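Hi everyone, thanks for coming. Today I'd like to walk you through one structure, piece by piece, so get comfortable and have a look at it with me.

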Amino acid sequence: MKHFPIIIATVSAFLLQAAPALAHAMLDHASPPVGSSVAKAPNAIVLWFTESLEPAFSQIEVRNASGAVVSSGKAQVNRTQMRVSLNPLPPGTYQVIWRVLSVDTHRTQGNFSFRVGQ
Amino acid sequence: MSTRLMCAALCGVAAQLVPLSAARSHEIVGNRFFPATLAIDDPGVNDELALPTVSRFKTGDDPSVLRTDISGEFSKRITEDFAVSFAPTWTRLHPPGGPNMTGANGFQNLESTFKYRLFKNPEHEFVMSVGLNIEWGGSGAQNIGAERFSSYTPTIYFGKGFGDLPTSMNWARPFAITGQVGYAIPGTTSHTVASIDPDSGDQTFDTEFHPRVLVWGGSLQYSMPYLKSAVVDLGLPDFINQLIPIVEASMQTPVSNTLASGTVTTGTINPGVIWVGKYYQVGVEAIIPVNRQSGTGVGAIAQLHFYLDDIFPTTIGKPIFGNGITTGRPAFGN
């Protein structure tokens, strides 16, 4: 079938031109940055995602090296940004654990760590 | 009755059972995104379309024949954990390939894969699936080597990310491996073709034996998206943060009914890189045969792969049955 390559090229071009409105929400960047060391303890963790989030099903938790939760209150969501306040952090390593639901109902999750004062 | 072994026809029988170029699925487990691999299948169960996959390499025949494959694969989830895929492949054999050594082209036998995700552990980035691949005999063109009998390959797939390594080994946490082990069972053990010897005028019978083949392979990959989102954000350009350098190995070992084929393992090692976006990925790999029976020279394979669950999340991109809520991939850009 000599037209086979032409057919698949046409279908591929159509899909490349497709303009989807929604996709998975993945972590784009964070403050403090992923894997960073900061001299001064932050008073909040802020995450930026690649898509808008559903506030009711999106959360952040921050734990210290012994596993105790050091974040306080519920995460605040503003479109692609999610923020949670932190208790005063002594020097140490902390893990940020996030779970979100994008507005197209795809669940994603992840975690990373950062250091304070080291 | 004289019986001859059709050695020439049997060259590359194992390879015929498992085409070198095939479209594959993708998977995410916890922090880990396993991209769709080009040479082997991964544990992924998803809605996706690989179109096209183009490969060009020299076969292990004697003399070696330059072969171009253009293939596609459409995978559709029936439930969250079960999917069915269909994969046609168009093949061009350049001269001296084909029955008259003048070249040939046509479709390979249609392939279908039924795959079920057995187990998923986000904490340890581990996933395992089982599947059955069927090559539908007689659906392709015989002049490019498509067999008239069907082949059935039950397969186990797995994937493991190393994100659970201690933070003292942060450099290794973006690594992941995937693998597959299958057993290709031809629908018939042999078949005999009657013909007239042009010299003597006697009737002869040519018997072709079809071996059972262990189909195995794996991939080693280093995920730059994982490095950025879960280990350390180095502030690299987005394009770099979307790359997954990868080495794949795709092997076939005849293990029974090997009277004519022998038991030599054939296969290729494929180093390359995959660029991962929100809605599609692009992969390019070299094809390096592991021995003379696997081919000559270095070939190449490239693939454009669409994530239908992202492009059409409310229609063809979700399971037919189930809630359709899926996990995503670490993607940026496009």
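Let's begin with one arginine. Arg77(B) is found in strand β5 of chain B, the stretch covering residues 66-79. Before we go on, please remember that what you see is a predicted model.

So, is Arg77(B) buried or exposed? Buried means under 20% relative accessible area, and Arg77(B) has 1% relative accessibility, so it counts as buried. Its side chain is joined to the side chain of Glu80(B) by a polar contact of 3.3 Å. That pair is also a salt bridge, with the closest N and O atoms of Arg77(B) and Glu80(B) 3.3 Å apart. The partner, Glu80(B), counts as partly exposed because its relative accessibility is 24%. If salt bridges are new to you, the idea goes like this: side chains of opposite charge can pair when their charged atoms come close.

How many salt bridges does a search of the whole structure find? Over all chains, the search finds 13. One of them is between Glu51(A) and Lys278(B), at 2.6 Å from N to O. Look at the chain letters, please: this pair crosses between chains. Glu51(A) is in the loop between β3 and β4 of chain A, and Lys278(B) is in the loop between β17 and β18 of chain B. With 10% relative accessibility, Glu51(A) counts as buried. Lys278(B), at 15%, counts as buried too.

Next comes a salt bridge inside chain B. The side chains of Asp41(B) and Lys115(B) meet at 3.1 Å, N to O. Asp41(B) is in the loop between β3 and β4 of chain B, while Lys115(B) is in strand β9, so this pair ties together parts that are 74 residues apart in sequence. Asp41(B) counts as buried at 6% relative accessibility, and Lys115(B) counts as buried at 5%. Lys115(B) has another neighbour for us to look at: its charged end sits over the ring of Tyr157(B), 4.6 Å from the ring centre. You can find a similar picture at Arg32(B), whose charged end sits over the ring of Tyr226(B), 3.9 Å from the centre.

Okay, on to rings. A pair of aromatic rings is described by the distance of the centres and the angle of the planes. Over all chains, the count comes to seven aromatic pairs. Take Phe33(B) and Tyr307(B): the ring centres are 6.2 Å apart and the planes are at 85 degrees, so this pair is edge-to-face. Phe33(B) lies in strand β3 of chain B and Tyr307(B) in strand β19, so the pair ties together parts that are 274 residues apart in sequence. Both Phe33(B) and Tyr307(B) are buried.

Now a second pair, Phe175(B) and Tyr222(B). Their centres are 4.8 Å apart and their planes are at 75 degrees, so they are edge-to-face. Here, too, distant parts of the chain are linked: Phe175(B) is in strand β12, Tyr222(B) is in strand β15, and they are 47 residues apart. Phe175(B) has 25% relative accessibility, so it counts as partly exposed. There is an aromatic cluster as well, formed by Trp275(B), Tyr280(B) and Phe306(B).

Last topic: strands. Strands of a sheet pair through backbone hydrogen bonds, either parallel or antiparallel. In chain B, seven bridges join strand β13 (residues 190-196) to β14, and the two run antiparallel. Across that pairing, Thr192(B) stands opposite Thr207(B) in β14(B). Six residues lie between the strands of this hairpin, and Gly201(B) takes a positive phi near 80 degrees there. Strand β14 of chain B is mostly covered, with five of its seven residues buried.

Over in chain A, you can find an open sheet of four strands, in the order β2-β8-β7-β4, with mixed pairing. Which are its edge strands? They are β2 and β4 of chain A, and each pairs on one side only. Inside that order, β7 (residues 92-101) and β8 (residues 107-116) of chain A pair in the antiparallel sense over 10 bridges. If you want a spot to zoom in on, try Tyr94(A), which stands opposite Phe114(A) in β8(A).

That's my tour, so thanks for listening!

Note on methods
Residues numbered from 1 in each chain as written. Chains lettered and ligands numbered in written order. Predicted model: local features only at pLDDT ≥ 70, side-chain atom pairs only at ≥ 80, totals over all residues. Heavy atoms only, no water. Buried < 20%, exposed > 50% of the residue type's maximum accessible area, 1.4 Å probe, protein only. Polar contact = N/O pair within 3.5 Å; in protein donor to acceptor, adjacent residues only side chain to side chain. Pairing = 2+ DSSP bridges. Phe/Tyr/Trp six-rings, centres within 6.5 Å; stacked < 30°, edge-to-face > 60°. Lys NZ or Arg CZ within 6 Å of the ring centre and 35° of its normal. Salt bridge = Lys/Arg side-chain N within 4 Å of Asp/Glu carboxyl O.
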